[in-house]
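Q: Please take a close look at a single part of this structure, and then lead me from there to other parts. I am a first-year student, so each step should be explained.

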Amino acid sequence: MTMANNLLHLPHEVLHSIIANTDPQDLAALCCCRALNDFIKNNHLLHKEMYLKTFDSLSQKDNTVWGPELRKLVNVQKILESSDDALKLSQLQTVAVSIQDLLTNAPMDPRTSLNLPFLTNLFEQRQNVNTFLCSSSLFEWARAELWGDLSTTRQRRDLAAMLTEQKFPRSLRNHSTLNSLDSETVADPIPEQPELGDLLAYVSRTGDTGSIPVPVPAEAHAASPTSALQRPQPYDRQLSAKLHCLYGVSIGTVRKTCESSPPRYSLRNDTAEIHPYARSRVYDLRQHTENGTFWGPFLDDGLGTVDWEKLEAIMIILDYNLRRSTEVHRQYEGMLELQENPWVGATPHSFISPPQSVPMEPPLPLEAQDPYSVTGTWMRVVCFLDYTALYDFNFGDDQPERDHLREPIDTEEATRLITMKIHVTKIQAPGEDDGQQLPVVHFQGKSSSIRPSWDPNANSKIKGTVRLTPQGEVRWTTFSVFQGEERWRSEGIQIGGVRSARGVLGFWFDKDFDEHGPAGPTAFWKSHDGIEAKKPSNTHGWNQFTVPSY
């Protein structure tokens, strides 16, 4: 009698319990005969039990079809555990959409989450970090400058994506179609991938050493970074940059290859620092337009579409500068305590205010209507180049052509550490250019410099708004006000969504959009919900604050 026959003679309750305690990846192998396949295929309770043992519960609890959701994540797990680089490169969108779903469904407290450890364990594999988090144009540019390796990197990704698209059209990979497939169809849906030699042979045969052109519908340019409908090549690089921002632990080095470990006795220098390339991107004033990018971290489309590659460069620069500041000022060690925790804080509603020992102002009724939890004390960091260095970089001799990149730079930046104490002043309906799901919240308050305390540009009144972009990202606009006059402005995006602990990344700049600057990167994140009624008698720098995972 076969194993399948032995199992089938068991009571269904016992069989259910046995299968529920197997690894979800083994479900396909258990469908070894028609009877077992029929038992597993439409067993809603079995799929739900196996899902909830491995992942956090889904937000749509009433009408969730658990089987397709489980198979989708098993598929992603197989991709991430694979050693096939071409497979990983061709499945970037599939992985990115699933990671976004896992983060969205994670609970507020990361200590109780199943999704976050699941992702963290898979991204301990260096190949996954280099393939999925380091495939933006920033890392490609650095590889090309350092090793002339741009063409091979693009060939691997673009050709694999193109050939996968020919075999498995998008219509077979979107969510609605996936949910309609049975367990036999999607139990092991990873497509067979061509070898790298076949891909390079294609290039040799066609003479195409650049990227493969992919038709891009006009509506794709305004699509959300998590959309599963469009997949143009620049969009893949945006997805990689977004994953890096959500991952939160800034990757400070660029590797020549995506191998998990380089050759043991290699004499080549296979790694290099990425921050000079990120700094060049951040301080290139050509990227800013008043009506296209609004001088913020947006694409130049006038629609407020988030440019995740800009946010990635900002995150890298801020992380580098904060670590350098921490080395000089040891009292700021607390700033980086969360920076080694991937994915933590990049989930909606993940900010939890710590208990306070100082009296707080009572909450106002208006704040109860605020979906963004604006009122409270926020920590902020602002970085900038000396204006002479910024001007020379952008307008000095030997400037590149408009469509050429500037040289990477190692110029040292100044860093300002600031507190913002803000409260809600008005809530209004979203405008026609805003996301319609949530209102626009106006706020005002005070901005005070911590280090150095005397900086006149950091001590000011502050006001601004929080709203959704048309694609559903949380957009913050702030104005620094001196003696009743607006002077500096910032535009930023909250990483992880509404009320995320990770906070906001963006640009600060002249409020009149002066094309000559100055401008630079900034970030701010919430420390606690209240505004202190009086200053505590003893402070220890940044050690008293909760810090973001940058």
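**An aromatic cluster and beyond**

A: Four residues, Tyr51, Phe55, Trp66 and Phe118, form one aromatic cluster. The model is predicted, and the description that follows should be read accordingly.

Within the whole structure, a search finds 18 aromatic pairs. One of them joins two members of the cluster: the rings of Phe55 and Phe118 lie 4.9 Å apart, centre to centre, with 80 degrees between their planes, an edge-to-face arrangement. This pair links distant parts of the chain, for Phe55 sits in the loop between helix 5 (44-54) and helix 6 (66-81), while Phe118 belongs to helix 9 (residues 115-122). In sequence, the two residues are 63 residues apart.

How far are these two side chains shielded? Residues with under 20% relative accessible area count as buried. Phe55 has a relative accessibility of 2% and is therefore buried. Phe118, with a relative accessible area of 11%, is buried as well.

A further aromatic pair is formed by Trp488 and Trp508, whose ring centres are 5.4 Å apart; because their planes stand at 85 degrees, this pair is edge-to-face. Trp488 lies in strand 8 and Trp508 in strand 9, so the pair ties together parts that are 20 residues apart in sequence. Both of these tryptophans are buried.

The two strands that carry this pair are themselves joined. Strand 8 (residues 485-494) and strand 9 (residues 504-510) run antiparallel and are connected by seven bridges. Among the bridge partners, Gly492 is matched with Gly506 in strand 9.

Both strands belong to a closed barrel of eight strands in the order 3-4-5-6-7-8-9-10, with antiparallel pairing. On average, neighbouring strands of this sheet are turned by 30 degrees against each other, direction ignored.

Strand 3 shows how the barrel closes. On one side, strand 3 is joined by nine bridges to strand 4 (residues 414-428), and the two run antiparallel. Here Thr377 stands opposite Lys421 of strand 4. Strand 3 also pairs with strand 10 (residues 519-528), again in the antiparallel sense, over six bridges. In that pairing, Arg380 stands opposite Phe524 of strand 10. Eight of the nine residues of strand 3 (residues 376-384) are buried, so this strand is largely enclosed by the rest of the structure.

The loop between helix 18 (308-328) and strand 3 contains Asn341. Asn341 has a relative accessibility of 30% and therefore counts as partly exposed. Asn341 is 94 residues from Tyr247 in sequence, yet their C-alpha atoms are 8.5 Å apart in space.

A last example concerns the packing of helices. Helix 2 (residues 12-20) and helix 4 (residues 34-41) have axes that come within 12 Å and cross at roughly 80 degrees. Because angles of 65 to 115 degrees count as roughly perpendicular, helix 2 and helix 4 are described in that way. From helix 2, the contact involves His12, Leu15, His16 and Ile19; from helix 4, it involves Leu36, Phe39 and Ile40. Sorted by class, the contact of helix 2 with helix 4 comprises five nonpolar and two polar residues, and no charged ones.

To return to the starting point, Phe55 and Phe118 of the aromatic cluster make an edge-to-face pair, and the tryptophan pair between strand 8 and strand 9 is edge-to-face too.

Key
Residues are numbered from 1 along each chain as its sequence is written. This is a predicted model: local features need pLDDT of at least 70, side-chain atom pairs count only at pLDDT 80 or more; totals for chains, interfaces and linings use all residues. Side-chain values use heavy atoms; hydrogens and water are left out. Buried means under 20% relative accessible area, exposed over 50%, partly exposed in between (1.4 Å probe, protein chains only). Helices (H or I, at least four residues) and strands (E, at least two) are DSSP runs, numbered from the N terminus. Two strands pair if DSSP finds at least two bridges between them. Axes are lines fitted to C-alpha atoms, for helices over the stretch in contact, and angles run from 0 to 180 degrees between N-to-C directions. Angles under 35 degrees count as roughly parallel, over 145 as roughly antiparallel, 65 to 115 as roughly perpendicular and the rest as oblique. Contact means heavy atoms within 4.5 Å. Ala, Val, Leu, Ile, Met, Phe, Trp, Tyr, Cys and Pro count as nonpolar, Asp, Glu, Lys and Arg as charged, and the others, Gly among them, as polar. Rings of Phe, Tyr and Trp (its six-membered ring) pair if their centres lie within 6.5 Å; planes under 30 degrees apart count as stacked, over 60 as edge-to-face and the rest as tilted.
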